[in-house]
Structure formats: structure tokens, C-alpha cells
Amino acid sequence: MKFLKVIAIAALSIVSCSKSKITPPSAFVTLNFSHQWDGATVTKSDFNTIKFTNANGQQLSIERLRYLVSAITLTNTEKQKTIIKAIQLVNLGEEKGLRLTSDFAVPQGKYTLSFIFGLNDTGNLDGVYQELNSVSFNVPTMLGGGYHFMQFDGKFNGSNSLINNFNYHVIRAVNREDLANVIFKDTSFEVNLGDVVINESGVIEVKMDISEWFKNPNLWDLNTLNSMLMTDFNAQVLMSANGKSVFSLGAVTP
Amino acid sequence: MMFKKKLLFYGAILVFLSCSKGHNEEEYTPVSAPLQIPTLFHKLLIAPIIPSNNPQTQEGVSLGKKLFFEKGLSADNTQSCATCHDPKIAFTDKRQFSEGIDGVFGNRNSMPLFNLAWNFDENFFWDGRSIGIERQAIEPVINPIEMHNTWSQVVSVLEAKEAYPELFYKAFGTRKIDSILVSKAIAQFERTLISANSKFDQYLNGEAQLSASELNGFDVFMDETKGDCFHCHGSDKNPLWTDNAFHNNGLDAVPFDLGLAKVTGDPADNGKFKSPSLRNLAFTAPFMHDGRFSTLEEVINHYSEGLKASPTIDPLMKKVSSGGVQLTPQEKTDLKAFLLSLSDFEFISNPVFQKE
């Protein structure tokens, strides 16, 4: 009897030893969303002043900038995917959502980091996310419902020599010219930030260069495209294209 | 022998009674009274904000209600909260500016009170200067142009009224009254002021039909190329009908009242005020922080062609250079019909909210 017990304990300790050998140490993942204009840092304190110049030479201010990214995913070297956060709403002006830490730990090691800008058609459902409804991020049902991907508002010096407003609102593209045949196009897109190494307390910086929204590949003219862009199918397609070069991987600080 | 036994028996009972009474003294627990969250809010919104140190209780709410109607809170016993926040008109008053006890008028329109627990950022007043419902309730009592009182005066008045010490004891376990407990009780009552049964709510719940005009007005409200109101004032997916955030909606080229900037000290906040909820507009005229508009027609005309440019006007007032969103007469009529469908007649007649 006693003998059996000893064996059992020994076996158990072996199992636990060997287990700790197989499982590498794990870590929580922290992402920091940072913002730039042509490389220079932008924070809330840069808001509300016409001080930025876009690629088209137009001077503008930022008064509101909030956007959402979804399915933030780590893919390990075996191509296994782990979603560390389903939806993250970043609000630069109110300094909310600028940092996220995963709810669970992942094994330390090498991964690629990716996410979807906005919500793809599977996730872009009308009214289902309470956190987003509560901060009024919805898209009207007449435009197909679901949610804004980005709300970027400000003022610019227009060619009419007035200070004008712009509402660079990114949503799923919709064409309602023929109400009997409304056309939708999923303009969310995947952003792959490349390789990251998750270590014990690593913080990964995700950078958004705001100036890129006006630049590449479509040079943006605020005089012609400034507001009521939610109902403009073509504008949404252009924005979606420009968004693809907006994000990049910043520093991974231990 | 018999007698001794009896004595012992009664003695024991007495001891037991007094003990248990003493016990009860310390342990009176008020009856929990969780907020009745409307189905629509439950479905669409995150949970309301209730501070962990001030849970809703039956005793707390009913004490809060009594205090809300208590004129003893004002220096000369003439004003209660309800003087400027009348339950029959969605807890506001009809004046452009509210009159304090000394006949002095402020420069702000009284605000209606409902769905306050769903103000997720907890910024209260037109300029957001007060954070949290409890803290807000401290202010009117000592505001010189409102109740113009002192808290020590309030406490002695309440302590001298027979009913109060016992009611505070039942709600908070102490007969010692202070400003914190008064504000906690009032806040509990205010959190119960929930408005979610307008015709439009019933429509969303599948219980009522809207007229063609109301439906068209809702489209004007939601259409970015028409009214474009939903970016600030909620929607069918945010039935609070406000974002509880601060904006300059183009009332003045040079704002007389600086609004949020008075609180933050930041000139970029000049003329920004909290978006009011569009519920209950049928009862809450006049409109805007300074009550400048007495009708909804005036409000709609403002957005349609009356916008004033200024450095802090919200970019969502996108058509300011042409005066506004330029609605047709029909669109204006329909928009008004829709706005009125957000009024909740059950809320203003609910006997639970009226003075007893």
C-alpha cells in the first residue's frame, strides 16, 4: 500500500516536471496604439489646431479620431491562430482604448500579428455590440447597419478660402442609387504587421500614420471629398485602399 | 418554585428580546431594489452606472424621493429640487432660466432628469462640471442662485423634523444626517427616473406603428445627407437619444457662455455643451442651454439654415458655410413629428414619481 503511494507520488511529480518542460512560459500580450503624422507623434494635445498638411498640400486639424480594429490575432510558427481581442475601439481624442492587454496568457515565442481594420461582413452586424452602441458608433440601418470603422472629423482650409469641415467616416461601402438593387462591398481589410516575439512583459506598439489616409495610393482632395462620404460608395473604396498603408509595427519593448 | 421558574422564563424572554433588539439596531438591512432596466436598454446598452458604495434600496429610494420634494433644503423653505425639476414635465421647468430662492436667475435652462444612470461618462450639467450623480446633488443646495443654503443648516432642519432620523437609519443604518447621505439618497431616487416607453420605443418593441410622417422624419434624422442628427443624438441602436458628449452645435459666432471651456480652461472647448437627450421634447421647452428657442420649429430651423461658424463649431455641422443642412418644409414637419414620438407620456404621469 505504502509502496503504491510512493510510486503514485513519484509518477505525479514526473508528470508535472515533464509538463513544465514541454510548456514554455506564457505571457499576457499588451498592445499600445500610437499615432503619427508623417512620422511625427500625434496625441490629443495636437487636436483642434489647423497644423497638419496633407499630401495634397491642404492644411487641416483633427478634432475627433476613433476607429475600430477586430479579430486581433497572433499566429504561431505552426500556423495556429489565437484571437487575443475580438473588438478594440481606439479613441485618440478621449484617450480611450489606446492600450489593450489580452485577457489570457499565450506561450512566449514567435508569432505574426494581424487584425482586421473595421469589421468584416461576418462581424459587421446591426446593433449587436453593446459597447459600440453605447458610444454611438452605429451605421444607420438604411446604409446596411453595423458600425463605423472610423470616425475622423476636423477642419481644413478650403479652396473657397473658408475654413470647412470634413467628416472622414469609413464604413462598409454601400450604393443606394437603385433602392431595388442596393449594392454592398466589404471594405474592411486585413492588416498584417509581421513578426513579433512575445516575451515575459513585452509591449507591442501598433502605429497609425494618420497622414497616410490622404496619400497612398489615392491622393485625397478635401475640396471634393470632405463630408457625406458614408453614402459615397466610391469614396469608401478609395478610403479602404488608402487605409492599407496606414498601420505599421512599432517598437517591441521588453 | 413555580414562581421562580416563571420569573426565570420571563427573564430569559426579556433578555432575549432586548438582545435581539440590540442586534437588530446594528443590523437593519435595507431591502435591495435593483433598477428595473427596460428591455430595449438591456438589449442594446451596457449596464447602468451604480456606485458600489451606494446600492439601490427601497428605503434609500423612498427617502431620496422625500428629500427631492423637501423645501427644507432651501434657505427659506420655499424651494425643493422639484421646483426646477417638475415630474409632470419630465423633471425640468418651463422657464428660460430657473429662478433661485432670492429671485436671482441663472443663465442656464434647467435640465430634465431621466436615464441619468446611463450617462456612462458621468459628466453632469450642461458643461459637465459635476462628476457623478451623488456629487451633483450637493451643488444646488449651496448654489447662491438656487437654494442658497448651507449644509449645516440643512442637517439641523432635517434632524429637527420627526420623520427623518428614522428614515436615514432605515436607509443607511445611522440617525446622524450629513450631506453625503442626503446626496446618496437623492441619487438613488434619481436613478429610478427611467424613461423608455415613448411611442418610438413601443415601435422598436413591435408594440406600436408610426405614422408615415414620423417614419419619414426618422429617415431625415438618420440620413447623413439630410438631418444627420444621429452622430450626436443617438439612434434606434442607442435609445438614450444622446451621446452625453460635448459639442458646439453652431448657436453663436462668439459664445456668451463658454460652456465646457469654463470647466477645462481650454479655448478649444468654447461654446461646447452636453448634447441633451431628445426624449420628452414635448414637455421640456424651452430648448438649448440658455433656453433660447421656445419651439421645435426654431430648433430645426437652426440646424437647417441658422448655423453660425466659429473656430470651435463641431465638424459634424458640416454645412455651416451654407447655413445648415437645408431641409425642405416637408422634411422639417416630418422631423418634428419624429422628434415628438420620442416623448414618454407614461414617464410624466407615473404616480411613483409624483409628490405624495
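Buried here means under 20% relative accessible area. The legends below describe close-up views of a predicted model.

**View 1. Strand β14 of chain A and its two partner strands.**
Strand β14(A) covers residues 203-209, and 5 of these 7 residues fall under the cut-off for burial, so the strand is largely enclosed by the rest of the structure. Strand β1 of chain A (residues 26-37) runs parallel to β14(A) and is joined to it by 7 bridges. In this pairing H35(A) stands opposite M208(A). Strand β15 of chain A (residues 247-253) runs antiparallel to β14(A), with 5 bridges between the two. Here V206(A) of β14(A) has L249(A) as its bridge partner. In a regular strand, side chains alternate between the two faces of the sheet.

**View 2. The largest nonpolar core, and a second one.**
The largest nonpolar core has 55 residues. Those with the most contacts inside this core are L31(A), L65(A), Y67(A), F117(A), M150(A), Y168(A) and F247(A). Strand β5(A) supplies the largest share of the core, 6 residues. Beyond residues up to four places away in sequence, F247(A) touches Y67(A), V69(A), F115(A), F117(A), V191(A), L193(A), V206(A), K207(A) and M208(A). A second core, separate from this one, has 39 residues, including A90(B), I138(B), V155(B) and I186(B). In soluble globular proteins, nonpolar side chains tend to be buried together.

**View 3. N76(A) in strand β5 of chain A.**
Strand β5 of chain A spans residues 64-76, and N76(A) belongs to it. The relative accessibility of N76(A) is 17%, so this residue counts as buried. What lies within reach of its side chain? A polar atom of the N76(A) side chain is 2.9 Å from the backbone nitrogen of E78(A). For the backbone nitrogen of Q80(A), the distance to a polar atom of the N76(A) side chain is 2.8 Å. With neighbours within four places in sequence left aside, N76(A) is in contact with K110(A) and Y111(A). The C-alpha atoms of N76(A) and Q108(A) are 10.0 Å apart, with a sequence separation of 32 residues.

**View 4. S188(A) in the loop between β12 and β13 of chain A.**
The loop that holds S188(A) lies between β12 (183-185) and β13 (189-198) of chain A. S188(A) has a relative accessible area of 13% and is therefore buried. A polar contact of 2.7 Å joins the side chains of S188(A) and D186(A). Apart from neighbours within four places in sequence, S188(A) is in contact with I116(A), F117(A), G118(A), L119(A), N120(A) and F149(A).

**View 5. Helix α3 of chain B and the salt bridge at K65(B).**
Of the 11 residues of helix α3 of chain B (residues 58-68), 8 are buried, so this helix is largely enclosed by the rest of the structure. The buried residues are E59(B), G60(B), V61(B), L63(B), G64(B), K65(B), L67(B) and F68(B). They pack against α4 (81-84), α6 (151-160), α7 (163-172) and α8 (179-191) of chain B. K65(B) forms a salt bridge with E356(B), at 2.7 Å from N to O. This pair links distant parts of the chain, since E356(B) sits in the segment after α15 (345-349) and K65(B) in helix α3, 291 residues apart. K65(B) is buried at 9% relative accessibility, whereas E356(B) is exposed at 84%.

**View 6. Other salt bridges of chain B.**
The count over all chains comes to 29 salt bridges. Side chains of opposite charge can pair when their charged atoms come close. R108(B) and D127(B) form one of these bridges, at 3.1 Å from N to O. R108(B) lies in the loop between α4 and β1 (123-124) and D127(B) in the loop between β1 and β2 (130-131), 19 residues apart. R108(B) and D127(B) are both buried. A network of salt bridges links R108(B), D127(B), R129(B), E139(B), D257(B) and K262(B). In another bridge, the closest N and O atoms of D201(B) and R279(B) are 2.8 Å apart. D201(B) is in helix α9 (residues 199-204), and R279(B) is in the loop between β4 (273-274) and α13 (296-305), 78 residues apart. The relative accessible area is 1% for D201(B), which is buried, and 1% for R279(B), which is also buried.

Definitions and conventions
Residues are numbered from 1 along each chain as its sequence is written. Chains are lettered from A and ligands numbered from 1 in the order in which they are written. This is a predicted model: local features need pLDDT of at least 70, side-chain atom pairs count only at pLDDT 80 or more; totals for chains, interfaces and linings use all residues. Side-chain values use heavy atoms; hydrogens and water are left out. Buried means under 20% relative accessible area, exposed over 50%, partly exposed in between (1.4 Å probe, protein chains only). Helices (H or I, at least four residues) and strands (E, at least two) are DSSP runs, numbered from the N terminus. Contact means heavy atoms within 4.5 Å. A polar contact is a pair of N or O atoms within 3.5 Å; within protein, one must be able to donate a hydrogen and the other to accept it, and residues adjacent in sequence count only if both atoms are side-chain atoms. Two strands pair if DSSP finds at least two bridges between them. A nonpolar core is a set of buried Ala, Val, Leu, Ile, Met, Phe, Trp, Tyr and Cys residues joined through side-chain atoms within 4.5 Å. A salt bridge is a side-chain nitrogen of Lys or Arg within 4 Å of a carboxyl oxygen of Asp or Glu.
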